[in-house]
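Thanks for coming. I will go through one structure today, taking the sheet, the metal site and the charged pairs in turn.

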Amino acid sequence: MPDRFYITTPIYYVNDIPHIGHAYTTVAADIAARFHRMRGADVFFLTGTDEHGQKVLQAAELRCVSPKDHTDTMCTNFKKLWAALDITNNAFIRTTDKEHIDTVREMLQKLYDSGEIVKRTYEGSYCTHDERFWTDKEVIDGNCPECSRPVETIKEDNYFFLMSKYQDRLIEHINKNSGFIRPETRKNEVLGFLKSNPLGDLCISRPKKRLSWGIPLPFDDNYVTYVWFDALLNYYSATCYLTKECNQTYWWPADCHIVGKDIVTTHAVYWPSMLMALKLPLPEMIFAHGWWTIDGKKMSKSVGNVVDPHKVTETYGVDAFRYFLMREVTFGLDGDYSEAALIKRFDTDLANDLGNLVNRSFAMLSKYFDGKVPEPPDIDIELKELAEGISERLKEHLKVLSFSKALDAVWELVSFLNKYIDSNKPWVLAKDSSSAQRLAVVMYSLVEGIRFISVYLYPFMPKFGERLYSHITCEPLSTERNINAKLKWGTLKSGSVVTTIEQLFPKMERKDKVDEKDTTTEVPEKTDELISIEDFAKVKLKVGKILSAEPVPKSNKLIKLSVDTGSEIRQVVAGIGKHYKADELIGKTVIVVANLKPAKLMGVESHGMVLAASEGDVLKLVTPDGDLPAGSVVK
Ligand SMILES: [Zn+2]
């Protein structure tokens with residue numbers, strides 16, 4: 001039987017409009033869930049919404065609908081975003097689900113019967129807005145430490161969960177299980193808090209006259225339960241009715257609760273104490289991630305800098321957004337989001353490193369082997385070991401949610417393969433028939449290496465991984481239950497046909513769009529000034545062969561070319577789309593300005609320029625009189 005993996009996000013407060021913070025937590029959980037499914041584990045991935053509390057009732061009243069109708073509408077904001085971000089949660093729990101309410105009441109009764117919950121008269125400072133009491137130490141000048149509104153002194157009877165008695169056991173558990181709270185800094189914070197403060201008992205009831213939209217206490221109908229008590233129990237209640245077997249002994253305890261650092265105390269103190277009192281096992285790991293600032297500022301509605309994940313993914317694509325969130329910042333630390341940083345990541349890592357690797361490799365396979373994967377007479381051991389070894393490294397990194405380190409490991413393979421092209425120079429091997437065997441090894445290794453990359457990146461960038469894998473193998477990837485069998489070097493079949501792939505990251509479009517410039521006509525056409533031979537010698541002209549050509553999206557004149565210039569294959573963008581069709585350019589011999597500064601045209605990098613001559617509406621590429629190998633110098 002495969003092992004099982006149970007991962008959760010917090011249940012999100014239903015009145016919130018989902019933003020980058022919600023997306024971050026949920027994407028992280030999705031990557032872990034996909035990774036564990038891929039290695040064959042039985043996965044249960046839970047997210048949902050927290051739907052009780054006075055503010056939910058007030059919002060419903062404002063909209064003149066019942067609280068249930070209100071939450072029915074609001075929870076779809078989250079469901080829509082998860083669909084847009086390719087989130088593969090197995091269930092979506094709502095705290096207004098009847099089964100959840102039943103479980104919470106059952107647990108409350110159990111604790112009451114075993115003497116873990118007692119009634120006391122309580123006098124304290126209460127914040128109506130946050131629906132909670134604060135201790136005298138916590139109140140700041142008569143105001144709530146959370147929202148700065150004035151607190152009221154309230155004296156009333158309430159029910160208390162005797163949390164204080166679990167303080168020592170909790171400290172012991174955290175000390176014995178070093179991975180229980182991650183990262184280390186959060187663990188130390190919680191331990192510091194527990195060791196320096198006597199843990200109080202937790203008030204878990206609210207009189208109905210003050211708060212009516214909640215779960216009634218089973219043993220006293222004048223009260224509902226405190227929202228946190230209700231909310232935390234979702235992780236357990238879901239296993240009783242949302243898993244396919246409804247088998248809580250199989251699914252409990254959870255392997256991983258991912259939470260934001262603001263709710264680490266409720267998860268690492270309240271929740272384990274509740275579980276201890278219920279005599280249930282504790283979760284394996286509580287991971288508290290950091291927060292995103294936006295362009296260096298705290299995200300807030302009043303500043304108006306809240307990042308809407310829908311907008312980001314519409315502009316840059318889901319995969320690029322998911323990739324950015326996980327690569328940019330170590331999971332657990334705070335990070336800064338900016339569109340410029342996202343574009344930089346996209347250009348450097350995805351378009352340049354990865355996109356060029358795939359484009360160059362497929363173009364060469366098409367040129368030298370008609371797109372058919374050759375039979376390799378040999379194996380490059382170093383490459384094989386690197387590619388296969390990443391599997392174990394990913395497992396270790398993802399065990400502790402080190403997403404950025406996992407991606408670093410995959411990028412070692414990307415960089416290795418890019419260097420592999422440069423050092424093996426397939427275009428040189430192709431010219432010499434005695435190197436045919438070596439060329440077959442090199443080209444097979446490139447495509448096989450790219451196949452490994454597609455599998456490794458799949459949990460992070462599911463659309464990209466799936467597309468690339470199925471393009472290479474003609475088999476689907478996401479349906480694979482156990483991918484380990486596919487992570488053996490040499491699995492790629494010789495003879496498979498791999499065509500060039502159009503637009504690897506097609507949704508890319510930038511706001512800082514460079515004007516559509518035309519590289520061929522940009523050169524000043526006439527100048528009366530004479531130049532010296534030294535001036536002319538500064539321009540390095542080479543013969544190039546066009547390996548592939550495709551129109552730049554949304555441009556009617558730009559064509560993206562990959563050009564073999566002898567020593568390398570370059571991407572050149574040329575403004576010749578009104579005069580040539582992309583298809584008819586492939587195979588043409590052209591003259592390339594080889595030492596032109598790289599430029600970006602409609603967001604696409606261009607390394608060089610192809611020469612053309614024009615008169616009126618006619619434009620023709622300049623080409624040598626007769627056949628010359630790519631790289632020949634023009635002077
Ligand atoms: Zn408050």
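What is the order of the three strands in the open sheet? The order is S15-S14-S16, and the pairing is mixed.

Before going further, a word on the model. This is a predicted model, in which local features need pLDDT of at least 70, side-chain atom pairs count only at pLDDT 80 or more, and totals for chains, interfaces and linings use all residues. Residues are numbered from 1 along each chain as its sequence is written, and side-chain values use heavy atoms, with hydrogens and water left out.

Back to the sheet. Helices (H or I, at least four residues) and strands (E, at least two) are DSSP runs, numbered from the N terminus. Two strands pair if DSSP finds at least two bridges between them. Strand S14, residues 292-294, pairs with S16 in the parallel sense, over three bridges. In that pairing, Ile-294 stands opposite Tyr-337 of S16. Strand S15 (297-298) and strand S16 (335-337) are at the edges with a single partner strand each, so one side of each has no neighbour in the sheet.

Next, the zinc ion. Which residues are its protein donors? They are Cys-127, Cys-144 and Cys-147, each through SG, and Asp-130 through OD, at 2.0 to 2.3 Å from the ion. Donors here are N, O and S atoms within 2.8 Å of the metal (3.2 Å for Na, K and Ca); water is not among the atoms, so sites may look incomplete. The angles among the four donor atoms run from 97 to 118°, and the site is tetrahedral. For four donors, that label requires all angles to lie between 85 and 135 degrees. As background, the ideal angle for four tetrahedral donors is 109.5 degrees.

Along the sequence, the donor residues follow the spacing C-x2-D-x13-C-x2-C. Asp-130 is in the loop between strand S4 (117-127) and strand S5 (132-134), while Cys-147 is in the loop between S5 and strand S6 (152-161), so this pair ties together parts 17 residues apart in sequence. Asp-130 is buried, at 19% relative accessibility. Buried means under 20% relative accessible area, exposed over 50%, and partly exposed in between, with a 1.4 Å probe and protein chains only.

Other cysteines can be dealt with briefly. The count of disulfides, meaning pairs of cysteine sulfur atoms within 2.5 Å, is zero. Cys-64 is exposed at 73% relative accessible area, whereas Cys-75 is buried at 1%.

Last, the charged pairs. How many salt bridges are there? The count is 33, where a salt bridge is a side-chain nitrogen of Lys or Arg within 4 Å of a carboxyl oxygen of Asp or Glu.

I will show three of these. Asp-86 and Lys-463 form one, with the closest N and O atoms 2.9 Å apart. This pair links distant parts of the chain, 377 residues apart: Asp-86 is in the loop between helix H3 (67-84) and strand S3 (91-94), and Lys-463 is in helix H18 (residues 462-473). Asp-86 is buried at 17% relative accessibility, and Lys-463 is partly exposed at 48%.

Lys-176 and Glu-172 also meet in a salt bridge, at 3.0 Å from N to O. Both lie in helix H5 (residues 167-176), four residues apart, about one turn of the helix.

Lys-367 pairs with Asp-564, the closest N and O atoms being 3.5 Å apart. Here helix H13 (residues 339-369) holds Lys-367 and strand S18 (residues 559-564) holds Asp-564, 197 residues apart. Asp-564 is buried, with a relative accessible area of 3%.

Key
Four donors count as tetrahedral if all angles lie between 85 and 135 degrees; four count as square planar and six as octahedral if opposite donors are over 155 degrees apart and all others between 65 and 115; anything else is irregular.
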